[in-house]
Amino acid sequence: MAEILLIEDSKLIASAIKKKIESELLLRVKWGQSYSDAIKLVKENNSNFFISLLDLYLPDAPNGEIVDFVLSKDIPSIVFTGELSDDVREYIWSKKVIDYVLKEGSHNLDYIVSLIRRISRNKSIDVLVVDDDRLFRIHLLKLLEVHKYNVFEASDGNEALGIIKDNPDIKMIITDYHMPNMDGFQLIKEVREKYSKEELAIIGIAGKGDNTLSARFIKNGANDFIDKPFVTEEFYCRVTQNIEMIEHINALRNSSNKDYLTDLYNRRYFFELGNQLFTNSKREQITITVAMIDIDYFKKINDTYGHAAGDEVLKQLSQILKKSFRESDIVSRFGGEEFCILTTNMDHEHSPRIFNGLRKKIGETSINIGFKKIQITVSIGICIKLMDSLEDMIEQADSMLYKAKEGGRNRVMLIK
């Protein structure tokens with residue numbers, strides 16, 4: 001289980017940070033007040049620390065020694081400081097930390113939480129750096145790796161296109177203009193033939209001297225531009241801003257079809273796509289199966305562990321459901337703790353075995369809610385009889401679900 005290392009000598013500040021992170025992110029925080037505490041905690045838990053939050057000045061480490069120690073253990077770090085002169089800022093960034101946070105007020109707690117979420121999401125984000133200057137390319141790679149991005153590199157546009165072809169999920173390209181074989185502008189034009197600005201962000205980089213480059217990058221299809229040399233803090237802000245813009249646009253697109261919490265299809269989209277599949281199944285005599293799934297005693301989970309834990313149960317169960325069916329099947333959240341699944345071409349003779357297997361798999365899976373693990377069970381109602389409408393099949397599956405609940409829960413009931 002991933003944990004967070006917090007080293008802060010103020011009990012008041014540490015208590016507020018610990019409470020905020022554990023309640024909103026469901027991550028365990030290990031707290032120490034001194035450099036010596038940090039040594040002990042790292043020795044005991046080093047392999048588990050996902051990130052660290054460090055007070056820059058400690059009574060037994062007054063010159064920032066804590067940062068060097070924790071970074072030497074390969075633990076990404078966020079630094080707290082009560083003062084921020086130009087010298088302090090330069091010192092902090094020289095240490096290759098994730099970011100710094102001023103001890104100014106409660107609003108900075110929200111920033112810490114958002115920053116931890118950002119770093120966690122970055123692990124699944126691919127970024128491509130394109131520059132013929134190897135030393136500068138390595139510099140960018142190291143900056144991006146501090147923020148836990150998956151980073152690819154290319155020395156020119158042609159090499160970059162090959163990498164994009166092999167890795168179509170790349171979300172950002174950072175490219176120089178002056179390169180052999182294919183310059184930055186031509187690379188952008190090639191990329192934009194396939195990817196829009198809303199799908200893949202491009203940041204142009206070039207040395208100072210040509211005041212028209214920034215405008216030319218944007219007009220050729222880049223999302224943003226940075227002059228080099230640049231300040232590390234500005235680089236991170238630009239990268240994060242462009243990644244979050246893509247995420248925001250994707251979230252808006254998905255909001256009409258996807259459930260915001262579980263990323264499964266929502267009820268509206270289930271009926272929109274489900275009725276198409278239902279019509280096709282009647283016309284082409286394709287078998288169709290509708291299943292209603294409900295988490296047993298879900299209210300007790302919320303009452304015992306809190307609603308954040310309940311949300312985590314819903315998210316982890318949704319991932320199990322999504323991985324258990326084909327992309328052509330519809331896996332949706334109907335509301336609350338209730339899910340509906342529509343499959344086609346499932347052998348009806350094997351339906352009870354398949355859904356019983358799913359029920360057992362869910363019951364045997366440990367659900368992580370913060371630093372606790374719990375077991376859940378589900379009840380499932382199934383309809384494999386092709387009826388007059390999709391709504392009729394859902395109603396019958398729901399009736400079977402009700403019987404499964406009445407029969408003691410954690411079971412599958414089917415109507416043929």
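**Exercise 1.** How many salt bridges does a search of the whole structure find?

*Solution.* The model is predicted: local features need pLDDT of at least 70, side-chain atom pairs count only at pLDDT 80 or more, and totals for chains, interfaces and linings use all residues. Residues are numbered from 1 along each chain as its sequence is written, and side-chain values use heavy atoms, with hydrogens and water left out. A salt bridge is a side-chain nitrogen of Lys or Arg within 4 Å of a carboxyl oxygen of Asp or Glu. Searching the whole structure by this rule gives 27 salt bridges.

**Exercise 2.** Place the salt bridge of Arg137 and Glu153 in the chain, and state how accessible Arg137 is.

*Solution.* Step 1: the N to O distance is 2.8 Å. Step 2: Arg137 belongs to helix H6 (residues 134-146) and Glu153 to strand E7 (residues 150-154), 16 residues apart; helices (H or I, at least four residues) and strands (E, at least two) are DSSP runs, numbered from the N terminus. Step 3: buried means under 20% relative accessible area, exposed over 50%, and partly exposed in between (1.4 Å probe, protein chains only). Arg137, at 9%, is buried, whereas Glu153, at 35%, is partly exposed.

**Exercise 3.** Are Asp303 and Lys299 buried or exposed?

*Solution.* Step 1: their side chains form a salt bridge of 2.8 Å, N to O. Step 2: both lie in helix H12, 4 residues apart, about one turn of the helix. Step 3: Asp303 and Lys299 are both exposed.
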